[in-house]
Each structure stands twice: as structure tokens, then as C-alpha cells.
Amino acid sequence: MKILHRSRLAAFHLQGGRCFYCGFEMWMHLPHELIQLFGYTRRQARQLQCTAEHLVPRCEGGGDNQSNIVAACRRCNQARHKRSDPPSPERFVQIVQARLARDRWHAFQRLPAKAGQLMHLRPQVVNRQT
Ligand SMILES: [Zn+2]
């Protein structure tokens, strides 16, 4: 397993399957469980695919090791790095949370999951050796 993939999996597990920035539940391999659980469309679920987010960007020398990787949904990851001067991770959490509070982040509401079913989204075994 490549180190970036391993770091992403570990971060996904550590964060309880939730995005570092928006806190939405993400999917790792297949979106269908998230679609079933929350009733998202495939298009909505695509935004919530788990990606490896480099806290220090690669272009600034950030590595793929676990200390530099958090799990973020596709939407948040792309939005941070689309900016010409990407904000720090701490600042971007504030930006995303402020916009979520005004319903201006994801183009859909977070839907309530059926209780107790989220565990199925999480990987059972995580190789934490780095
Ligand atoms: Zn997110």
C-alpha cells in the first residue's frame, strides 16, 4: 500500500469517517452506502468522497506521511487548493464552518443517518505502521 493511501485510510479512521473541514460523513471506496444511508444523489455523494488533504501542500514541500495528511471530502479539498493563496488549515476550518452555518457550502443539507449504521462506513482494520 502506498504511503499516501495508508495515511488517508488512517486519517479517515481517526476522524470517524468525517471530513476535517466540514464534518460531513465521507465514503472511502464505494458511495452506495452513503447514498443508502443519507439519501444523497450520486452527484452529491461524489462531493463526499474521502481524499487525502495535505496540510502543508506538496508544492511547499509537504509530504505524504500521516503527520501531514488529514481526510477531507473532495469538495473541501478542491475548494482550499483552488484559491490562489490557500488559507491555512485552521483558517479554512473557520471559513467552511462559517459558510456551513449559513447553508452556503455543500449544495445540499446534511441528512440524518439511521442511528448506529455509520460504523459500517468505517474500515475495520487500519494499518497504522508508518
Ligand atoms: Zn468537507
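A residue is called buried here if 20 or more other C-beta atoms lie within 10 Å of its own, and Phe-92, with 20 other C-beta atoms within 10 Å, is buried because it meets that cut-off. The model is predicted, so the stops on this tour are features of a computed structure.

**Whole chain.** Begin with the full chain coloured by secondary structure, where five helices and two strands can be picked out, and follow them from the N terminus in the order α-α-α-β-β-α-α. Buried residues make up 28% of the 130 residues. Of the contacts in the chain between residues at least 6 apart in sequence, 64% join residues at least 24 apart.

**Strand S2.** Next select residues 69-73, which form strand S2. Five of its five residues are buried, so the strand is largely enclosed by the rest of the structure. Both faces are covered, with Ile-69, Ala-71 and Cys-73 on one side, and Val-70 and Ala-72 on the other. Now add strand S1, residues 50-54, which pairs with S2 in the antiparallel sense over five bridges; to find one of these bridges, look at Cys-50, whose partner in S2 is Cys-73.

**The nonpolar core.** Keep S2 displayed and extend the selection to the largest nonpolar core, which has 23 residues, those with the most contacts inside it being Cys-19, Tyr-21, Cys-22, Met-26, Ala-71, Ala-72 and Cys-73. Helix H1 (3-14), strand S2 and helix H5 (89-101) each supply at least two residues of this core, and the largest share, five residues, comes from S2. Centre the view on Cys-19, which, leaving out residues up to four places away in sequence, touches Phe-24, Met-26, Ala-71, Ala-72, Cys-73 and Cys-76.

**Phe-24.** From Cys-19, move to its contact Phe-24, which lies in the loop between H1 and helix H2 (32-38). Phe-24 is buried, with 23 other C-beta atoms within 10 Å. A distance label drawn between the C-alpha atoms of Phe-24 and Ala-72 should read 9.1 Å, although 48 residues separate the two along the chain.

**Helix H4.** Select residues 74-82 for helix H4, in which Arg-75, Cys-76, Asn-77 and Arg-80 are buried. To see what covers these buried residues, display the surrounding elements, including helix H3 (42-47), S1, S2 and H5.

**Helix H5 and Phe-92.** Turn to H5, whose 13 residues reach 18 Å from the first C-alpha to the last, close to the 18 Å expected at 1.5 Å a residue. Phe-92, where the tour started, lies in this helix. Apart from its neighbours within four places in sequence, Phe-92 is in contact with Tyr-21, Arg-80 and Pro-87; of these, Tyr-21 is among the core residues with the most contacts, and Arg-80 is one of the buried residues of H4. The C-alpha atoms of Phe-92 and Ala-79, 13 residues apart along the chain, are separated by 9.5 Å.

**Beyond H5.** Continue past the end of H5 to Asp-103, which follows the helix and has a positive phi, near 60°. The last stop is Gln-109, placed in the segment after H5. Is Gln-109 buried or exposed? With 9 other C-beta atoms within 10 Å, Gln-109 is exposed. Finally, bring Tyr-40 into view: Gln-109 and Tyr-40 are 69 residues apart in sequence, while their C-alpha atoms are 9.4 Å apart in space.

Definitions and conventions:
Residues are numbered from 1 along each chain as its sequence is written. This is a predicted model: local features need pLDDT of at least 70, side-chain atom pairs count only at pLDDT 80 or more; totals for chains, interfaces and linings use all residues. A nonpolar core is a set of buried Ala, Val, Leu, Ile, Met, Phe, Trp, Tyr and Cys residues joined through C-beta atoms within 7 Å. A residue is buried if 20 or more other C-beta atoms lie within 10 Å of its own, exposed if 12 or fewer, and partly exposed in between; C-beta atoms are placed from the backbone. Helices (H or I, at least four residues) and strands (E, at least two) are DSSP runs, numbered from the N terminus. Two residues are in contact if their C-beta atoms, placed from the backbone, lie within 7 Å. The expected span of a helix is 1.5 Å times one less than its number of residues. Two strands pair if DSSP finds at least two bridges between them.
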